[in-house]
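Work through the exercises below with the sequence and the structure side by side. Try each task before you read its solution.

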Amino acid sequence: MARKPKSVVDIDKEIEALKAQRVAALEARADQIGKIAAKADLTTLEITDAELQKEFQAIADRFRRKASASNPANT
């Protein structure tokens with residue numbers, strides 16, 4: 001038996017549900033990173049948000065370079 005194609009309304013509902021799941025996943029990851037930062041004792045440092053963000057960006061860049069170096073198909 002052929003399946004009835006999804007309606008635009010059904011697709012829109014799925015999109016909204018996926019967006020909510022994405023937000024929840026990002027928030028959970030942010031909480032996890034915050035806990036790791038606290039365990040590393042970053043919460044006691046006198047450092048501005050801008051300085052901390054710059055250091056996190058450097059970490060992210062380093063890991064992205066590692067990932068792209070180990071997977072040459074991405075280049």
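## Exercise 1: Lys6 and its partner

Lys6 is partly exposed, with a relative accessible area of 48%. Buried means under 20% relative accessible area, exposed over 50%, and partly exposed in between (1.4 Å probe, protein chains only).

Some ground rules come before the task. This is a predicted model, where local features need pLDDT of at least 70 and side-chain atom pairs count only at pLDDT 80 or more, while totals for chains, interfaces and linings use all residues. Residues are numbered from 1 along each chain as its sequence is written, and side-chain values use heavy atoms, with hydrogens and water left out.

**Task.** Place Lys6 along the chain and find the side chain that meets Lys6 in a salt bridge.

**Solution.**
- Step 1. Lys6 sits in the segment before H1. Helices (H or I, at least four residues) and strands (E, at least two) are DSSP runs, numbered from the N terminus.
- Step 2. The partner is Glu14, at 2.6 Å from N to O. A salt bridge is a side-chain nitrogen of Lys or Arg within 4 Å of a carboxyl oxygen of Asp or Glu.
- Step 3. Check the partner's exposure. Glu14 is partly exposed, at 36% relative accessibility.
- Step 4. Now look along the chain to Ala38. The C-alpha atoms of Lys6 and Ala38 are 46 Å apart, with their positions 32 residues apart in the chain.

## Exercise 2: Salt bridges within the helices

**Task.** How many salt bridges does a search of the whole structure find? Locate the pairs formed by Glu16 and by Asp61.

**Solution.**
- Step 1. The search finds three salt bridges. Side chains of opposite charge can pair when their charged atoms come close.
- Step 2. Glu16 pairs with Lys19, at 3.8 Å from N to O. Both residues belong to helix H1 and are three residues apart, about one turn of the helix. Glu16 is partly exposed, at 48% relative accessibility.
- Step 3. Asp61 pairs with Arg64, with the closest N and O atoms 3.7 Å apart. These two are three residues apart in helix H2, so about one helical turn separates Asp61 and Arg64.
- Step 4. Compare the labels. Asp61 is partly exposed at 31%, whereas Arg64 is exposed at 54%.

## Exercise 3: The largest pocket

**Task.** Which residues line the largest pocket, and which helix supplies the largest share of the lining?

**Solution.**
- Step 1. Fix the term. On a 1 Å grid over the protein atoms alone, a pocket is an open set of points where a 1.4 Å probe fits, with protein on both sides within 12 Å along at least five of seven lines; lining residues have an atom within 4 Å of a point.
- Step 2. List the lining: Arg29, Ile33, Ile36, Ala37, Ala40, Leu42, Phe56 and Ile59.
- Step 3. Assign the helices. H1 (8-39) and H2 (49-70) each give at least two lining residues. H1 gives the largest share, four residues.

## Exercise 4: An unusual backbone angle

**Task.** Where does Asp41 lie, and is its phi positive or negative?

**Solution.**
- Step 1. Asp41 lies in the loop between H1 and H2.
- Step 2. Its phi is positive, about 70°, although Asp41 is not a glycine.
- Step 3. Asp41 is partly exposed, with a relative accessible area of 43%.
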